[in-house]
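Please load the model in a viewer and keep the sequence panel visible. The tour proceeds by selection, with a short description at each stop.

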Amino acid sequence: MTRLPLPLLLSPRFAAALTTPQPLPPARRLVAAAAAAAGGDQAVNMSAATGEYPVPVSPPYPAASKDVELRRAMTASARSAAYSSASVVFEDEWIAVVDKPAGVYCDALLSALPCSGGSAAASGDEATKPNLHLANRLDRDTSGLMVITKCNKVAGKLVKAFTEHKVKKTYLALCIGYPPTWEKIKICSGHGRSKHGAWRVYAMSDVGRSLPGGSIVRDMSTKFEVLGVNGKGHFREPSNFEVDETESITVQEKAADQTSDSEVMNSMILVRAYPQSGRTHQIRLHCQYLRFPIRGDVKYSGVIEWNGVDYDGHALHAESLSFVHPVTGLPVTFRSPLPSWANEFISTMG
């Protein structure tokens, strides 16, 4: 089994950086330690204004991720170029809801939508050709539901709905790591990256602070529920659980280390995520912080080989979307068929 380092198992260099006194003034020691831990990551630098930048509580991308990501990107480019027929879940004259496969770039769906040209495209009539836009986006290796709009006015309404978090979304993720001690939880943290740096988790107390390159730390929150661990559990429909029904975690520091028992550490966990914000790689980052990174997620400490199988992408699926139709004003909900890895895990649950 090939495993990239879990986020909170400290390497010798990381431990040394955190424990060995640095020959710097006390105000600068925290920044120097964080820079050493990042192994040259440029996300932590000195600020002339404050003396230091916020220090992330999750690690930088593992060194091994560069080659893996390059290989996956090249494969996805070839797949996207050959992708010719999108799977349509719903369609009317204003929108189309499609099921994106893993390993295909979002933009490929625009040309692969059956209505993207039709007779108008065949005749070359640009005036009657649909003006297609992506209302939401998914990571290259994430599968599941995406919404395509067919005119500018509808596009503006739906993009605004996604931006203002008025669209309810659920995701399924198959993770390898430490089994949660909770059934449901809400995690709140900071989110950001410095110029040319990796996306990282930050403490909530750092929200609003500046990072190198001029960006700022923003808030992000995700609700999770555990559906199964090592074949035990019960798959159920998405919940409508309220905040007061769940344990809440507000990230303020690096999570505490846990047991190194390999059997515990290598548990297979199926979770459902309910993102409350729409930050880049949000679910992937929060799974990493909670110590059960998504299988195959090379950037965020996930295993890339499991039970003798090498995975060419991460096991994350955009399961459902619920929103108010931008034209009819009616509430609509769409569900995507489960991916094979989810069906395989569910079949073992008892």
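The stops below run from the whole chain to single strands, helices, residues and the largest pocket.

**The whole chain**

Begin with everything displayed as a cartoon, bearing in mind that this is a predicted model. The secondary structure comprises 9 helices and 15 strands. Of the 350 residues of the protein, 51% count as buried. Colouring by sequence position helps with the next point: among contacts between residues at least 6 apart in sequence, 71% join residues at least 24 apart.

**Strand β8 and its partners**

Select residues 218-229, which form strand β8. Buried under the cut-off used here means under 20% relative accessible area. On that basis 10 of the 12 residues of β8 are buried, so the strand is largely enclosed by the rest of the structure.

Which strands pair with β8 in the antiparallel sense? Add residues 184-192, strand β6, which pairs with β8 in this sense over 8 bridges. Within this pairing, Ile-185 has Phe-224 of β8 as its bridge partner. Next add β11, which runs antiparallel to β8 and is joined to it by 7 bridges. Here Glu-225 has Arg-272 of β11 as its bridge partner.

Finally, add residues 232-233, strand β9, whose antiparallel pairing with β8 consists of 2 bridges. Gly-228 stands opposite Gly-233 of β9. The two strands, β8 and β9, form a hairpin with 2 residues between them. In that turn, Asn-230 has a positive phi of about 50 degrees.

**The nonpolar cores**

Show side chains for Cys-175, Phe-224, Val-271 and Phe-292. These are the residues that touch the most other members of the largest nonpolar core, which has 56 residues. Strand β5 gives the most to this core, with 6 residues. A second, separate core has 14 residues, including Ile-95, Val-154, Leu-158 and Leu-321.

**Helix α8**

Select residues 282-289, helix α8. How many of the residues of α8 are buried? The count is 8 of 8, and the helix is described as mostly covered. Among them are Gln-282, Arg-284, His-286 and Gln-288, together with Ile-283 and Leu-285. To see what surrounds the helix, display β5, β6, β7 (200-202), β8, β11 and β14, against which the buried residues of α8 pack. Just after α8, Arg-291 takes a positive phi of about 75 degrees.

**The β14-β15 hairpin**

Select residues 316-324 and 331-335, which are β14 and β15. These strands run antiparallel and are joined by 5 bridges. Leu-321, already met as a member of the second core, stands opposite Phe-334 in β15. Between the two strands of this hairpin lie 6 residues, and Gly-329 in the turn has a positive phi of about 75 degrees.

Now show the side chains of β15, which alternate along the strand. Val-332 and Phe-334 point to one face and are buried, whereas Pro-331, Thr-333 and Arg-335 point to the other face and are not buried.

**Two single residues**

Centre the view on Thr-142, in the loop between β3 (133-134) and β4 (143-149). Is Thr-142 buried or exposed? Its relative accessibility is 1%, so Thr-142 counts as buried. Leaving aside residues up to four places away in sequence, Thr-142 touches eight listed neighbours, among them Lys-100, Pro-101, Tyr-171, His-314 and His-317.

Then move to Gly-156 in helix α6. Gly-156 is partly exposed, with a relative accessible area of 42%. A C-alpha to C-alpha distance drawn from Gly-156 to His-133 gives 9.5 Å, for residues 23 apart in sequence.

**The largest pocket**

The last stop is the largest pocket, with a volume of about 1,100 Å³. To centre on the pocket, select Val-167, Lys-169, Tyr-171, Pro-275 and Ser-277, which lie nearest its centre among the 38 lining residues. Tyr-171 is also one of the residues touched by Thr-142.

Which element gives the most to the lining? Strand β5 does, with 4 residues. The elements supplying at least two lining residues each are α6 (152-163), β5 (168-177), β11 (267-275), α8, β14 and β15. Colour the lining by class to finish: 12 residues are nonpolar, 16 polar and 10 charged.

Key
Residues are numbered from 1 along each chain as its sequence is written. This is a predicted model: local features need pLDDT of at least 70, side-chain atom pairs count only at pLDDT 80 or more; totals for chains, interfaces and linings use all residues. Side-chain values use heavy atoms; hydrogens and water are left out. On a 1 Å grid over the protein atoms alone, a cavity is a set of points where a 1.4 Å probe fits but cannot get out, and a pocket is an open set with protein on both sides within 12 Å along at least five of seven lines; lining residues have an atom within 4 Å of a point. Grid points are joined across faces, edges and corners, and a volume is the space filled by probe spheres set on the points. Ala, Val, Leu, Ile, Met, Phe, Trp, Tyr, Cys and Pro count as nonpolar, Asp, Glu, Lys and Arg as charged, and the others, Gly among them, as polar. A nonpolar core is a set of buried Ala, Val, Leu, Ile, Met, Phe, Trp, Tyr and Cys residues joined through side-chain atoms within 4.5 Å. Buried means under 20% relative accessible area, exposed over 50%, partly exposed in between (1.4 Å probe, protein chains only). Two strands pair if DSSP finds at least two bridges between them. Contact means heavy atoms within 4.5 Å.
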